[in-house]
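The exercises below invite the reader to examine a protein model step by step. Each task is followed by a worked solution.

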Amino acid sequence: LSGWAADYAANGLKALEDQPRSGRPVEIDGKQRAKITALACSTPPEGHAQWSLRLLAEKAVELDYCEHVSHTEVGVILKKTN
């Protein structure tokens, strides 16, 4: 046996579980993304006609939704919701 069959024979169903992956861990989870999306749908602050990505990023950190988030990451989060 070779490949996954040998791994299954040696480890049983444990062989089918995901292994830890390399790379940077996810910093903003689904709940935080939902909060940022809801914030973008809310009324913008006084003096602003609409939310900007930078304004959303600053407000998300201010409201303690996350430790830090860039305006580009906010754009990616909002793009995924469309």
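The following exercises concern a predicted model and treat its cysteines, salt bridges, selected contacts and surface.

**Exercise 1. Cysteines**

Determine how many disulfides the structure holds, and state whether cysteine 41 and cysteine 66 are buried or exposed.

*Solution.*
1. A disulfide requires two cysteine sulfur atoms within 2.5 Å.
2. For cysteine 41, the nearest cysteine sulfur belongs to cysteine 66 and is 17 Å away. Because the limit is 2.5 Å, cysteine 41 is in no disulfide.
3. Cysteine 66 is likewise in no disulfide, its nearest cysteine sulfur being that of cysteine 41 at 17 Å.
4. The count is therefore zero disulfides.
5. Exposed means over 50% relative accessible area, and buried means under 20%. Cysteine 41, at 65%, is exposed; cysteine 66, at 6%, is buried.

**Exercise 2. Salt bridges**

State how many salt bridges the structure holds, and describe where the partners lie.

*Solution.*
1. The structure holds three salt bridges.
2. One of them joins lysine 14 and glutamate 17, with an N to O distance of 3.9 Å. Lysine 14 is exposed, at 55% relative accessible area, while glutamate 17 is partly exposed, at 46%.
3. Another joins lysine 59 and glutamate 62, whose closest N and O atoms are 3.3 Å apart. Both residues belong to helix H3 and are three residues apart, about one turn of the helix. Lysine 59 is partly exposed, with 27% relative accessible area, whereas glutamate 62 is exposed, with 59%.
4. Glutamate 73 and arginine 33 also form a salt bridge, at 3.9 Å from N to O. Glutamate 73 is in helix H4 and arginine 33 is in helix H2, so this pair ties together parts that are 40 residues apart in sequence. Glutamate 73 is partly exposed, with a relative accessible area of 28%.

**Exercise 3. Two residues of helix H2**

Identify what glutamine 32 and arginine 33 touch, leaving aside residues up to four places away in sequence.

*Solution.*
1. Glutamine 32 lies in helix H2, which spans residues 30–41. At 17% relative accessibility, glutamine 32 is buried.
2. Glutamine 32 touches Glu27, Tyr65 and Cys66. The side chain of glutamine 32 reaches the backbone oxygen of tyrosine 65 at 2.8 Å.
3. Arginine 33 is also placed in helix H2 and is partly exposed, at 24% relative accessibility.
4. Arginine 33 touches Ile28, Glu73, Ile77 and Lys80. The arginine 33 side chain reaches the backbone oxygen of isoleucine 28 at 3.5 Å.

**Exercise 4. Helix H3 and the loop after it**

List the buried residues of helix H3, then describe aspartate 64.

*Solution.*
1. Helix H3 covers residues 53–62, and its buried residues are Leu55, Leu56, Ala57 and Ala60.
2. Aspartate 64 is placed in the loop between H3 and helix H4 (71–81).
3. The phi of aspartate 64 is near 65 degrees, a positive value in a residue other than glycine.
4. With 63% relative accessible area, aspartate 64 is exposed.

**Exercise 5. A nonpolar surface patch**

Which residues form a nonpolar patch on the surface, and what is their accessible area together?

*Solution.*
1. The patch consists of Trp4, Tyr8, Leu13 and Leu16, with about 560 Å² of accessible area together.
2. Tyrosine 8 is found in helix H1, residues 4–11.
3. A patch residue must have over 30% relative accessible area. Tyrosine 8 has 41% and is partly exposed.

Methods. Residues numbered from 1 in each chain as written. Predicted model: local features only at pLDDT ≥ 70, side-chain atom pairs only at ≥ 80, totals over all residues. Heavy atoms only, no water. Patch = residues over 30% accessible without salt bridge, like charges linked within 9 Å, V, L, I, M, F, W, Y side chains within 5 Å. Areas by Shrake-Rupley, 256 points an atom, 1.4 Å probe, with all protein chains shown as cover. Salt bridge = Lys/Arg side-chain N within 4 Å of Asp/Glu carboxyl O. Helix = DSSP H or I, 4+ residues; strand = E, 2+ residues; numbered from the N terminus. Buried < 20%, exposed > 50% of the residue type's maximum accessible area, 1.4 Å probe, protein only. Polar contact = N/O pair within 3.5 Å; in protein donor to acceptor, adjacent residues only side chain to side chain. Contact = heavy atoms within 4.5 Å.
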